[in-house]
Amino acid sequence: MEMDQYLDVFLDESRDHLKTMNDGLLALENEPGEISVVQEIFRGAHTLKGMSATMGYSDMAELTHKLENVLDALRNNELPVTTRAVDILLQGADELEAMIENISDGGDGSRDVSRVVSGLHILVNGEADVPSEKGRSEGSVQLNEYEKTVVEQALDQGNSAFRIRVVLREDCLLKAARVFMVFEVLEGAGEVIQAVPSVEKLEEEEFDSEFSVVVISQEEGQRIEERILKVSEIEAVEIEEVGTESKSTALSATPKKEAKAEGPERPVTARKGLQTIRVNIERLDKLMNLFEELVIDKGRLEKISREIGSGDLTETVERVARVSGDIQEMILTLRMVPIEQVFGRFPKMVRDLAKDLEKEVKLNISGGETELDRTVVDEIGDPLVHLLRNSLDHGIESPELRKSKGKPREGTVNLKAFYSGNHVLIEIQDDGAGINRESVLRKALENNVVTETEAETLSDREVYELLFASGFSTAEAISDISGRGVGLDVVKNKIESLGGRVQVDSDPGNGTTFTIQLPLTLSIIAAMLVEVGKETYAVPLSSIVEIAVIPEEEIFTPHKQQMIDFRGKMVPVISLRHVFGVPEQANTSGSYPVVIIRKGDKLAGLLVDAFVGHQEVVMKSLGNYLPEIFGISGATILGDGQVALIIDCNTLIH
């Protein structure tokens, strides 16, 4: 059977089942007596075994079968749930993940898992598993999971399966030739799925006088036996049919345990009433690109409609706008994925890292159902890893130190996501030591990040922000976890490249909180169009607090910085003409249109010449030819075909 067409589905579903296993094992460690969790892990492993066997990845199927043996013992209370048991099962899951990634990269999933298999065997039997060649001794047949699945499918399709033992005469001179002739008979009658010894050893005559095979055929066993006996120098032939009734016992590598009183295991069934399909993400990207062109043309139609003034055209354009709005919402919904896809890998990472650091840490996750654009979700994983590692390494103290401070030995890290307007906020909060202001300032002075004069005027928040400076680290020693000066500056750059921002707050002695703000989507945004000279710029609505017209006399210039009094607070203002080099012209109106923008708790005003209006715009990258243009995050095409630059409010405020 050609399996390539099913490979993508196999990989996706394998990752889902592997995630189920990992999540279940971590939950089992916290609730050792919860048998339902073991059942869930077992079902995931069992399904993964069957899928890998069907696809022909026998090494993966055999490892999963070994995991099943341990899980079966756990759910039948034959083994206690210990940290060691969970450790070894998680190691097995790691090996399965490596196999899946190998298959994804074009490999066959082969991997040396003898260490893990030995550990699993010791758990069940108390002694190391040292099998002969793949568990097969000469003349005996033991089917692996893939071969068992093939036989079962053949029986279901009405074929027969036979174990055939062939004994050559002791005076046989050309054993390899007789084996070849027997195989010709067998291949004419059906399909040989296994030989013991292996075909290579049979060809090299590395066997005594007998060998065994498993054959799938539509012919009767007696007919096959007669044809084999016609080959010269055959002493005897023994054929054992694997019938449907004896299938479960004949094919089982390990004996089945008797069913428990509570009844058979609940089968995995698909949820009724909910049908889903998997769509290649490239198709969604192409659909999004086509819709972006439609949004641009919609803006063009709206402009033409206003110029012509036709009632029929205006009505049609309004209907197109409503329908395109619904399409936009649907497409964006298709691209939205729960952030749980990222959060799901952190419990195991935190568990392993805490062990390496010899700390006790509990990770609480909430808001995993919060959805973000797939592009954002794909990119946010690494920054979150950096921040979590930072919390465990720098934030959470050792159990002994925590106890001496009157804290619980076990530290807590809270990871949560939630909506806030058109943004998603992600918080990483720990109850550790907090940030030592003096330590940060000392390192900042050593690294020439700030001067001594500047250090004296910095607020606590501004000191904490120094942690995001390039190459900054407070670690005293270099380790695999921290101290190389790579981390928080990378986090900040990555998040800002996604149109977001990150800030840090700390309560010395009680913990630290990192807050990440991210846009729901990166492609289509709501913006306020403004004019500066003859140019049009777009200001994202998500950054705008208010728009106003300020009389010229209300603009002050203390210390060479223009300021305005905005609702009782002094706010700096920036002339976009000056920032973007637009030719100056005299202001005869006596007032200035101002756009008040916000970044965190900081405000600023943008001086413009006129407000054009609100419009949804498609954000396009400026490309590799214009990277990192100051104050500009992208561009859009307006209804008249002109290009408008999109203002990066975060950069201007900074």
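Analyst: Let's start with a yardstick: a residue is buried under 20% relative accessible area, exposed over 50%, and partly exposed in between, using a 1.4 Å probe and protein chains only. This is a predicted model, where local features need pLDDT of at least 70, side-chain atom pairs count only at pLDDT 80 or more, and totals for chains, interfaces and linings use all residues. Residues are numbered from 1 along each chain as its sequence is written, and side-chain values use heavy atoms, with hydrogens and water left out.

User: Why is Glu379 called partly exposed?

Analyst: Glu379 has 33% relative accessibility, which falls between the two limits, so the label is partly exposed. Its partner Lys494, at 29%, earns the label in the same way.

User: What makes Lys494 and Glu379 a salt bridge?

Analyst: The term asks for a side-chain nitrogen of Lys or Arg within 4 Å of a carboxyl oxygen of Asp or Glu. For Lys494 and Glu379 the N to O distance is 2.9 Å, so the pair qualifies. Lys494 sits in helix 20 (residues 488-497) and Glu379 in helix 15 (residues 374-395), so the bridge ties together parts 115 residues apart in sequence. Helices (H or I, at least four residues) and strands (E, at least two) are DSSP runs, numbered from the N terminus.

User: Which residues do salt bridges with shared partners join into one network?

Analyst: They are Asp87, Asp94, Lys348, Arg351, Asp352 and Lys355. The structure holds 31 salt bridges.

User: What makes Asp23 and Lys19 a salt bridge, and where do they lie?

Analyst: Their N to O distance is 2.7 Å, so it meets the limit for the term. Both lie in helix 1 (residues 7-30), 4 residues apart, or about one turn of the helix. Asp23 has 28% relative accessibility and Lys19 has 30%, so both count as partly exposed.

User: Which parts of the chain does the bridge between Arg165 and Glu210 link?

Analyst: Arg165 and Glu210 come within 2.8 Å through their closest N and O atoms. Arg165 belongs to strand 1 (residues 160-168) and Glu210 to strand 3 (residues 210-217), so distant parts of the chain, 45 residues apart, are linked.

User: Is Glu233 buried or exposed?

Analyst: Glu233 has a relative accessible area of 18%, under the lower limit, so it is buried. Glu233 lies in the loop between helix 9 (221-229) and strand 4 (234-242), and its phi is near 65°, a positive value in a residue other than glycine.

User: And why is Arg567 called exposed?

Analyst: Arg567 reaches 65% relative accessibility, over the upper limit, so exposed is the right word. Arg567, too, is not a glycine, yet its phi is positive, about 50°. Its place is the loop between strand 16 (563-566) and strand 17 (569-575).

User: Where is Pro197, and what kind of peptide bond joins Val196 and Pro197?

Analyst: Pro197 is in the loop between strand 2 (190-196) and helix 8 (199-203). The bond between Val196 and Pro197 is cis, with omega about -5°.

User: Is Glu200 buried or exposed?

Analyst: Glu200 is placed in helix 8. Its relative accessible area is 53%, over the upper limit, so Glu200 is exposed.
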